[in-house]
Amino acid sequence: MAQLAGVPLVRGHLDYGLPNVLPVGVIDWQHHGLVPLGYDTALAPEIVPFKGGTKGYLASPEQRRRYLETLNEVARATTGQSLSQHLAAFLLVKALFFLALMRPTDPARTDKHLKWHYRRHLFTEVLEQYERTAAVDTARFLTLDDFAARHGAPGHP
């Protein structure tokens, strides 16, 4: 993406989120690689919906705003750029990453199929918002439970 062309690349986790971040460090480095600066950290409170939202994690709009303001301050002090200008592009890439990450193969795992269809729905939502407004509002996303209810998913946990 052209918008990210001038952003420095750094080593990243690629699945940086609440389940993988602990007080003593970050775990589960199986999907690591080079990423644009801020890709992991800026998205941490935004990716809750991609995980299905079933772990009880939730970031309020105020928490998300304060978190991003703090990251922007640090990024401006070190690179001269704020991270928030890249948030929508980061979310588009993350939506594709989550969709590709877990395509289920076992037909008996209806829970995995439901979650994959949910992530496909989120990718479409991200893409539509990004194309229409060049922004992405994750607060507008359906929860996994709401998605399952709307799509008549039997056996949803």
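**Lys 94, helix H3 and the salt bridges of the chain**

Lys 94 sits in helix H3, which covers residues 87-101; helices (H or I, at least four residues) and strands (E, at least two) are DSSP runs, numbered from the N terminus. The model is a predicted one, in which local features need pLDDT of at least 70 and side-chain atom pairs count only at pLDDT 80 or more, while totals for chains, interfaces and linings use all residues. Residues are numbered from 1 along each chain as its sequence is written, and side-chain values use heavy atoms, with hydrogens and water left out.

Lys 94 makes a good starting point. This residue is buried but has no salt bridge, and the nearest side chain of opposite charge, Asp 40, is 4.4 Å away. Here buried means under 20% relative accessible area, exposed over 50%, and partly exposed in between (1.4 Å probe, protein chains only). A salt bridge requires a side-chain nitrogen of Lys or Arg within 4 Å of a carboxyl oxygen of Asp or Glu. For charge, Lys and Arg count as positive and Asp and Glu as negative, with His and the chain ends not counted. Neighbours within four places in sequence aside, Lys 94 is in contact (heavy atoms within 4.5 Å) with Leu 14, Asp 15, Tyr 16, Tyr 39, Asp 40, Leu 43 and Ile 47.

The helix around Lys 94 is mostly covered, with eleven of the 15 residues of H3 buried. Among them are Phe 90, Phe 97 and Phe 98, along with Lys 94 itself. The buried residues of H3 pack against strand E4 (33-36) and against helices H1 (39-43), H2 (61-79) and H4 (110-133). From first C-alpha to last, H3 reaches 20 Å, close to the 21 Å expected at 1.5 Å a residue; the expected span is 1.5 Å times one less than the number of residues.

Zooming out, the chain holds five helices and four strands, arranged along the sequence as β-β-β-β-α-α-α-α-α. Of its 157 residues, 41% count as buried. Among contacts between residues at least 6 apart in sequence, 63% join residues at least 24 apart.

Seven salt bridges are found in a search of the whole structure. Side chains of opposite charge can pair when their charged atoms come close. In one of the pairs, Arg 64 bridges to Glu 46, with the closest N and O atoms 2.9 Å apart. This pair links distant parts of the chain, with Arg 64 in helix H2 and Glu 46 in the loop between H1 and H2, 18 residues apart. Arg 64 is buried, at a relative accessible area of 15%, and Glu 46 is likewise buried, at 6%.

Helix H2 also carries a network of salt bridges linking Glu 62, Arg 65, Arg 66 and Glu 69. Within this network, the closest N and O atoms of Arg 65 and Glu 69 are 2.4 Å apart, and those of Arg 66 and Glu 62 are 3.8 Å apart. Arg 66 and Glu 62 lie four residues apart, about one turn of the helix, and the spacing of Arg 65 and Glu 69 is also four residues. Arg 65 counts as partly exposed because its relative accessible area is 37%, and Glu 69 is partly exposed at 39%.
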